[in-house]
Every structure is written in C-alpha cells, then in structure tokens.
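Visitor: I'd like a close look at one part of this model, and then a walk through whatever else you can show me. Take your time with it.

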Amino acid sequence: MLRQFIIFMALLTGAAASHVANDANATEPPLSEATEACLECHSGATPNIVANWRKSRMAQTTPALAMQKDSLVRRISAEKVPEELLNVTVGCAECHTLNPDKHPGTYEHGEYQVHTVVSSADCSTCHPVEKQQYNKNLMAHAYGNLVKNPLNMDFANQVNGSLKYEAGRLVHALPSPETESDSCLHCHGTNMKALGDLEIENEDYGSVVVKKLSGWPNTGVGRINPDGSMGACTACHPRHIFDIETARKPSTCSQCHKGPDVPVYKIYQVSKHGSIYDARGKGWDFGKVPWIVGQDFEAPTCATCHVSLLTDPEGNVRVQRSHQMVNRIWKRIFGLPYAAPMPNSPDTSIIVNKDGLNMPTAWDGTPAEKYLIGAEEQGTRKAEMRQVCTSCHGSQWADSQLRRLDDVIKVTNQITLASTDILLKSWQSGLAKGPGKKDSPFNEDIERMWVKSWLFYSNSIRLSTAMMGADYGVFDNGRFWLTHILYKMAEKVRTESRQK
C-alpha cells in the first residue's frame, strides 16, 4: 500500500511539473499578418484602443479554441467560422477588413480594404445566434420605431427643436441632424451613411484618407450600419475590449435607462438589490460563464434578470442566455401612455390602433390586440422571469411581487385614462388646439402636463414596483406627483373654461 502511494505521488508530481513546463513554453495565440501590420502603427497612433484589445478575450484565444469548449461555457455560438479566421486571434484586421464588399464605407488603408464601422453583421460571423436573437428585440429596431412613427417623431421634434420668441409668440424650428444625433438618436441609433472621402492630417503619420460618415460616432442600440444591418453590439460590449463584465454591470444600462422617462438605474440604486450590489459587488465574478447564482454574485443586476445564462451551484440551468431581452418581459411598462402587452413584432411602426395612430393603445387605453402578444405568450414570459426571481426568493415572495406589478399596471392605466380624458376635454372645448386642428399634441402647456403624467410619473411607479425601489413610486416622481399633476390639469381646464 505504501509503495502504491509513493508511485502515485511520483506520478502526480511529474504531471504537475510537466504542466508547469508546458505553461512556461506556451505561446500566445498567433496574430494574422494583417493585424500585426495594424498594430505596428496603431500602438502609437491609438494606444488605448490597442491596450484595450490586448486585454480582451479575443486577443487571448482563437475561434478554433473557443469552439472546442463545452456548450455551457462557450461564448461563441458559431459552429463554423471561415478558414482564414479560424486559427488566429480576432484582431484589428479580422473585424475591420471583414466583408469589405458589403460595406459602402470601405476604403484603402495600408494596402488593406478597411471599414471604420464594425457592424452587427460582422460580429455575427462568430456570434450568429446572438445576432439572430437581437434582431427580434425591440432595441434592434429602435431607430425605425422612432423615426417611422409620426407621433413619436412629432414628440422628438417638439422636444429637440429650436425656439425663437417673435412678436409675442414662440416659433418652433426642426432640430438639426447633429442635434438629433446628440439627443434621441444617441440611444435609439443613427442611420449611418458613407458620404465620400475625408482627408485627416496627422503630424506623426502624415495624411490619411478615410470615409466620412453621417451619424458617426454612435453606439445606439438600433443603429443602422453602413452595410444595412441593425444594432451596435458596442452599446453593451464597448470597444475594443468587448467584455461581458461591462455588459453585466448596471451602469452600462444606465447610459439609456436613467430617467426621468426611464428611471431604471436610479430605482435599482435605491432598491435592496442595488444596495447589496453597492456594498458587495466588488467581490463578484462578472466574467464567469455560466453565471452561478449565490456563488458568482449575490443579487441581480439588469443582465441577471433580462439576458444572462444562470445556473445553480450544482450546474442546473435556471434560465438560458438570450439576447432577445423581451423573452422575459410580458408587458411594456414605460415609454408609452398605457402599459400594454408586448408587441408581437419588434417593428412597432407597423402597429395601428383604432384611432389610426401607430401606438399599441388608443386614446382610451384600448389595446391594438392584433399587434400584441396574447395571454399564453405573456404567461410564458412571466414564468421565465419568475424562474429568475425564484433563483433567490421563495415562490410566495415572487408571486406576491408579480401580483403587485399587475395591480400597479391596472391603477396607473386608470389614472392615465383620467389624464387623457382631461386632455381630450381641453381639445374639444378649444382650450388647446391638438391634432383636430392639425396641431401637435405636444406643444401646449396642458399637453406637456399630460405627457409628464405618464412619461415621468406612471412609468416611474411601474418600474419602481417591478424593481422594488419604493420611494420612486411614491414621492420621487411617483404617486404624489402623478395625482398632483392631474389636479393641476383639471383645475386648468375649469379655470380656462370659466374665462372663455
């Protein structure tokens, strides 16, 4: 027995020594010749870009090695990658010279055909499932859902346009393209076009000719890329490190979800989940795949509830990863007057309600049911979110919380109906112009009050209940302010009716 133990220990020691030796002799994954050429200049010209890339997972491995991993820990969804990309790191050239014929913005640079904008279609070379899922997402269509909806664009123009005060009245002008790119389209995404050559002078590297782009820079979620594809992966996975850690942290989502119209991040910060993240999150492993509940993290972030693959410590899958974030959302609870079932198509510009508007509900709150998911699909998505909740909470806790959300949707919709009735009364009595007189429904005082009632206050209440951030649902843009503005709207109509 002793002899067997000695032999076993000798073999174990030899194996360990061999492992160390192999590590010492290990070489970094190979770079392509084209990427080496890029790094030669860009290590000096854009040093932080290169430094970020060197820290990235893409710089540390090859698609061939990534595809060998077990399905549960794989980060690459492609089953096949072009031969020329298979055994080199995903470097500058692998992204910026990919599919040159499909990019109108391609230009010759250092003997290579280069394009500035790496599109979601380019990323799908290695991540086709993620791209396919994301295309079914509302965010992928965010640009079109804004600009192809006349009502949405009217509101955006009224908010972003320029004003002059002339002859005792305000005169409105449409916003410039730069203003649009810097406001709503910053998050929704711009429609980028290649406009022609642009010469850039650099004192160290001389004159460089690139393609001038409209709507650039932009990392909006629904960006239309020069090759026609939708979406910017860099909205969540920033260039050039593309890490999952950043995408999983709530501050990343706060870029577009901060408020007061979408106060998600602020509510998260004051919630119990946010409090735990703030106190203990520095010790969590945000780069782990799969993400193990109770081991890698102790409280959810946005990604936990809406995107990530979650397992328990025994390796049982709680929920699958999905870039189709709507899979766990059954009701739209912000951005619109009434909360309603999610649309059955991510292109919401096709929705037409009974009032003839491209909105999921009519003025009186009646849903455009033809364009919205039914009760069965709502139940499936709700069950998926419940599965996330019960990874940490008991069934009674999760079910009670979901009932509260159902109740607050009902109550806020009822109050929105009341505020809309007041607005319609003001139009009918001539106290405000409105669409009936071919005027915008967003440019008079009572109309702005109506917008605030649902865009700021009802939205805040619903999100506060969904995320357990109670104060935002009461005094901080919550129930107090919602009821307050309705009293003001009603009083305004009464007073002006008397005066008329």
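Visitor: Let's start with the open sheet of 3 strands: what order do the strands have, and what kind of pairing?

Guide: Bear in mind that this is a predicted model. The order in that open sheet is 7-8-9, and the pairing is mixed. At the edges sit strand 7 (291-292) and strand 9 (317-319), each of which pairs on one side only. Strand 8 (residues 310-311) runs antiparallel to strand 9, and 2 bridges join them. If you want a spot to zoom in on, try Thr311, which stands opposite Val317 in strand 9.

Now for another pair of strands, earlier in the chain numbering. Strand 3 (residues 162-166) and strand 4 (residues 169-173) are antiparallel partners, with 5 bridges between them. Two of the pairings are handy landmarks: Lys164 faces Val171 in strand 4, while Glu166 has Arg169 of strand 4 as its bridge partner. Together strand 3 and strand 4 make a hairpin, with 2 residues between the strands. Look at Ala167 in that turn, where phi is positive, at about 50 degrees. And how does strand 3 sit, buried or in the open? Of its 5 residues the number buried is 0, so strand 3 lies largely in the open.

For a buried residue, go to Asn137, in the loop between helix 8 (128-135) and helix 9 (142-147). Its relative accessibility is 2%, and since buried means under 20%, Asn137 counts as buried. Leaving aside residues up to four places away in sequence, Asn137 touches His323, Gln324, Met325, Val326 and Pro346.

Last stop, a pair of helices. Two packed helices are described by the angle between their axes and the distance between the axes. For helix 18 (residues 375-389) and helix 19 (residues 395-428), the axes come within 9 Å and cross at roughly 135 degrees. That angle is over 115 but not over 145, and helix 18 and helix 19 are therefore oblique to each other. The crossing of these two helices is right-handed. On the helix 18 side, the contact is made by Lys382, Arg386 and Cys389; across from them, helix 19 brings Ser395, Ala398, Asp399, Leu402 and Asp406. Sort the residues of this contact by type and you get 4 charged, 3 nonpolar and 1 polar.

Methods. Residues numbered from 1 in each chain as written. Predicted model: local features only at pLDDT ≥ 70, side-chain atom pairs only at ≥ 80, totals over all residues. Heavy atoms only, no water. Buried < 20%, exposed > 50% of the residue type's maximum accessible area, 1.4 Å probe, protein only. Helix = DSSP H or I, 4+ residues; strand = E, 2+ residues; numbered from the N terminus. Pairing = 2+ DSSP bridges. Axes fitted to C-alpha atoms, helices over the stretch in contact; angles between N-to-C directions. Parallel < 35°, antiparallel > 145°, perpendicular 65-115°, else oblique. Left-handed = near helix turned anticlockwise from the far one by under 90°. Contact = heavy atoms within 4.5 Å. Nonpolar A, V, L, I, M, F, W, Y, C, P; charged D, E, K, R; others polar.
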